[in-house]
Amino acid sequence: MPETKPTIWGRANSVNVQKVLWCCTELGLAFERIDAGMQYGKTREADYLAMNPNARIPTLVEGDFVLWESNSIMRYLCLAHGGRTPIYPEPPKQRASVDRWLDWTLSTVQPVDRPVFWGIVRTAPAERDMIQVQRDADAAAEVWAIADRLLAARRFIDGDAFTLADIAIGSYARRWLGVEGITRPAQPHLTRWLAELGERPGFAQFVAPPMS
């Protein structure tokens with residue numbers, strides 16, 4: 001175990017930073033966080049680019065080890081600090097099942113989440129194109145319908161146990177169900193699941209605060 005706490009570079013209102021901080025909480029892992037990105041800058045500075053050539057957040061630093069990509073960071077934290085944590089199960093088939101949902105978050109959820117979230121939360125009211133945002137929301141609803149149907153028959157994303165899949169997808173679901181000003185279909189199973197995630201301390205502290 002390293003003697004120093006891991007440092008997470010990234011602003012607290014970034015969904016990908018939130019995932020990592022929530023994961024740390026689930027593992028009972030102390031960490032330090034440094035604001036970076038958007039209004040905080042730093043990501044285009046030479047020292048940061050030496051750590052993360054993508055100029056994005058989050059970036060994890062632990063001693064002389066540097067890692068970027070939020071899902072990779074969560075996997076690493078579980079392997080390095082989680083022992084045999086059930087949130088990233090050890091048996092190959094169970095782990096692969098969780099991994100596919102982490103991949104699905106990036107390949108399928110994130111592309112439909114971004115235009116809706118940015119179109120409302122990070123666009124001034126006078127500049128919003130709500131016709132386009134609703135079109136984007138309709139596309140997002142089709143993706144979230146997949147999770148809603150699945151959650152009709154199971155407690156969590158990958159079955160009856162809470163895993164990294166719930167952290168990754170749940171962080172985005174909070175944005176989908178929390179953003180205002182759009183019309184979306186009722187998705188009761190997704191709503192039930194998100195409410196249960198809301199009882200977890202890491203979600204309450206890092207994901208639930210007002211979006212910005």
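**Close-up views of a predicted model**

**View 1. Met51 and the residues it meets.** Setting aside neighbours within four places in sequence, Met51 is in contact with Trp9, Thr59, Val61, Val66 and Trp68. Like everything shown here, this comes from a predicted model. Met51 sits in helix 2, and with a relative accessible area of 19% it is buried, because the cut-off for buried is under 20%. For a sense of scale, pick out Pro92 as well: it is 41 residues away from Met51 along the chain, and the two C-alpha atoms are separated by 31 Å.

**View 2. The loop between helix 2 and strand 3.** Helix 2 covers residues 46-51 and strand 3 covers 59-62, and Pro58 is in the loop between them. What is the peptide bond from Ile57 to Pro58, cis or trans? It is cis, with omega near 0 degrees. Ala55 is found in this loop too. Although Ala55 is not a glycine, its phi is positive, at about 60 degrees. Both features are worth a look, because most residues other than glycine have a negative phi, and most peptide bonds are trans. Ala55 counts as buried, at 12% relative accessibility.

**View 3. The loop between strand 2 and helix 2.** Here the view moves to Met38, which lies in the loop between strand 2 (32-34) and helix 2. Met38 has a phi near 50 degrees, a positive value in a residue that isn't glycine. Its relative accessible area is 43%, so Met38 is partly exposed. Asp35 is found in the loop between strand 2 and helix 2 as well, and at 24% relative accessibility Asp35 also counts as partly exposed. Which residues does Asp35 contact, leaving aside its neighbours within four places in sequence? They are Gly10, Arg11, Ala12, Tyr40 and Lys42. Arg56 is 21 residues from Asp35 along the chain, and their C-alpha atoms are separated by 12 Å.

**View 4. Cysteines without a disulfide.** How many disulfides does a search of the whole structure find? The count is zero. Cys24 is in no disulfide, and the nearest cysteine sulfur, belonging to Cys23, is 6.0 Å away. For Cys78, also in no disulfide, the nearest cysteine sulfur is again that of Cys23, 4.2 Å away. A pair of sulfur atoms has to be within 2.5 Å to count as a disulfide. Cys24 is buried, at 0% relative accessibility, and Cys78 is buried at 2%. Cys24 is in helix 1 (residues 15-27) and, not counting residues up to four places away in sequence, touches Leu29, Phe31 and Leu77. From C-alpha to C-alpha, Cys24 and Cys78 are 8.7 Å apart in space, with their positions 54 residues apart in sequence.

**View 5. Helix 3 against helix 4.** Helix 3 (residues 70-81) and helix 4 (residues 92-120) pack with their axes 11 Å apart, at an angle of about 155 degrees. Are they roughly parallel or roughly antiparallel to each other? Angles over 145 degrees count as roughly antiparallel, so helix 3 and helix 4 fall in that group. On the helix 3 side, look for Asn71, Met74, Arg75 and Leu79. These meet Arg95, Asp99, Leu102, Asp103 and Leu106 in helix 4. The contact is a mix: four of its residues are nonpolar, one is polar and four are charged.

**View 6. Thr105 in helix 4.** Staying with helix 4, this view picks out Thr105. Is Thr105 buried or exposed? It is buried, with a relative accessible area of 0%. Leaving aside neighbours within four places in sequence, Thr105 is in contact with Gln110, Pro111, Ala168, Ile169 and Tyr172.

**View 7. Trp144 and the largest nonpolar core.** The largest nonpolar core has 61 residues. Which residues have the most contacts inside it? Those are Cys23, Leu77, Trp144, Leu164 and Trp193. Helix 5 (residues 130-151) supplies the largest share of this core, nine residues. Zoom in on Trp144 and, not counting residues up to four places away in sequence, you'll see that it touches Val109, Ile169, Tyr172, Ala173, Trp176, Gln187 and Leu190. Ile169 and Tyr172 also appear in View 6, as contacts of Thr105.

How values were computed. Residues numbered from 1 in each chain as written. Predicted model: local features only at pLDDT ≥ 70, side-chain atom pairs only at ≥ 80, totals over all residues. Heavy atoms only, no water. Axes fitted to C-alpha atoms, helices over the stretch in contact; angles between N-to-C directions. Helix = DSSP H or I, 4+ residues; strand = E, 2+ residues; numbered from the N terminus. Parallel < 35°, antiparallel > 145°, perpendicular 65-115°, else oblique. Contact = heavy atoms within 4.5 Å. Nonpolar A, V, L, I, M, F, W, Y, C, P; charged D, E, K, R; others polar. Buried < 20%, exposed > 50% of the residue type's maximum accessible area, 1.4 Å probe, protein only. Core = buried A, V, L, I, M, F, W, Y, C linked by side-chain atoms within 4.5 Å.
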